[in-house]
Amino acid sequence: MHRGYYAGQAKASGSTKHVGESAGTDDKFSLEKAIAILNGHKDLNDMTFFKVQKKLYNREARIFFMTVSNNRKKAWMEFIAKESD
């Protein structure tokens, strides 16, 4: 009986550690950092800003946004703004 309890405790502890490690690995492309970059583009109108912000919830889009050159980033944001919802 005690053995099962401790095994369950270790399993829960391991899963918590995994979540923490996963979050640390993803930190470079965090949503907060992407929004900070987006906030730096003062020339965006509100509609473009919010359409891009919505797109940044997708991790792949966020990685692209954070790693592409500024010229491409601007073109991508304009492209996103023209997409229909």
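At what angle do helix 4 and helix 5 pack, and how far apart are their axes? The legends below take up that question and a few others, using a predicted model of the protein.

**View 1. Helix 4 packs against helix 5.** Helix 4 covers residues 59-67 and helix 5 covers residues 70-82; the two pack at about 140 degrees, and their axes are 8 Å apart. Helix 4 is therefore oblique to helix 5, since angles count as roughly antiparallel over 145 degrees. To find the meeting place, look for A61, F64 and F65 on helix 4, which touch K73, W76 and M77 on helix 5. Sorted by class, this contact holds five nonpolar residues, one charged residue and no polar ones.

**View 2. W76 and its surroundings.** This view stays with one residue of helix 5, namely W76. Is W76 buried or exposed? Its relative accessibility is 15%, so W76 counts as buried, the cut-off being under 20%. Which residues does W76 touch, once its neighbours within four places in sequence are left aside? They are V52, K55, L56, A61, F64 and F65. For one of these, F65, a C-alpha distance can be given: the C-alpha atoms of W76 and F65 are separated by 8.1 Å, and the two residues are 11 apart along the chain.

**View 3. Helix 2 meets helix 3.** Here helix 2, residues 31-39, comes together with helix 3, residues 46-55. Their axes come within 11 Å and cross at roughly 160 degrees, so the two helices are roughly antiparallel to each other. The crossing of helix 2 with helix 3 is right-handed. Helix 2 brings I35, L38 and N39 to the contact, while helix 3 brings F49, V52 and Q53. Of the residues in this contact, four are nonpolar, two are polar and none is charged.

**View 4. A closer look at I35.** I35 is a residue of helix 2, and I35 also takes part in the contact with helix 3. Setting aside residues up to four places away in sequence, I35 touches Q53 and L56. A further landmark is M66: the C-alpha atoms of I35 and M66 are 9.9 Å apart, with their positions 31 residues apart along the chain.

**View 5. Helix 2 also packs on helix 4.** What angle do helix 2 and helix 4 make? They pack at about 45 degrees, and their axes are 10 Å apart, which makes helix 2 oblique to helix 4. This crossing is left-handed, whereas helix 2 passes helix 3 in a right-handed one. On helix 2, the contact with helix 4 is made by L31, K33, A34, I37 and L38; on helix 4, by R62, F65 and M66. By class, these residues divide into six nonpolar and two charged, with no polar ones. Two of the names may look familiar: L38 also belongs to the contact of helix 2 with helix 3, and F65 to the contact of helix 4 with helix 5.

**View 6. F29 in the loop before helix 2.** Where does F29 lie? F29 sits in the loop between helix 1 (2-26) and helix 2. With a relative accessible area of 15%, F29 is buried. Leaving out residues up to four places away in sequence, its contacts are R59, R62, I63, M66 and T67. One of these, I63, is 34 residues from F29 along the chain, yet the C-alpha atoms of F29 and I63 are separated by 6.0 Å.

**View 7. Stepping back to the whole protein.** How many helices and strands does the protein have? There are five helices and zero strands, and the pattern along the sequence reads α-α-α-α-α. The protein has 85 residues, of which 25% are buried. Its accessible surface is about 6,500 Å², with 56% of that belonging to carbon and sulfur atoms. Among contacts between residues at least 6 apart in sequence, 64% join residues at least 24 apart. The F29 contact with I63 shown in View 6 is one example, as those two residues are 34 apart along the chain.

Terms used
Residues numbered from 1 in each chain as written. Predicted model: local features only at pLDDT ≥ 70, side-chain atom pairs only at ≥ 80, totals over all residues. Heavy atoms only, no water. Helix = DSSP H or I, 4+ residues; strand = E, 2+ residues; numbered from the N terminus. Buried < 20%, exposed > 50% of the residue type's maximum accessible area, 1.4 Å probe, protein only. Contact = heavy atoms within 4.5 Å. Areas by Shrake-Rupley, 256 points an atom, 1.4 Å probe, with all protein chains shown as cover. Axes fitted to C-alpha atoms, helices over the stretch in contact; angles between N-to-C directions. Parallel < 35°, antiparallel > 145°, perpendicular 65-115°, else oblique. Left-handed = near helix turned anticlockwise from the far one by under 90°. Nonpolar A, V, L, I, M, F, W, Y, C, P; charged D, E, K, R; others polar.
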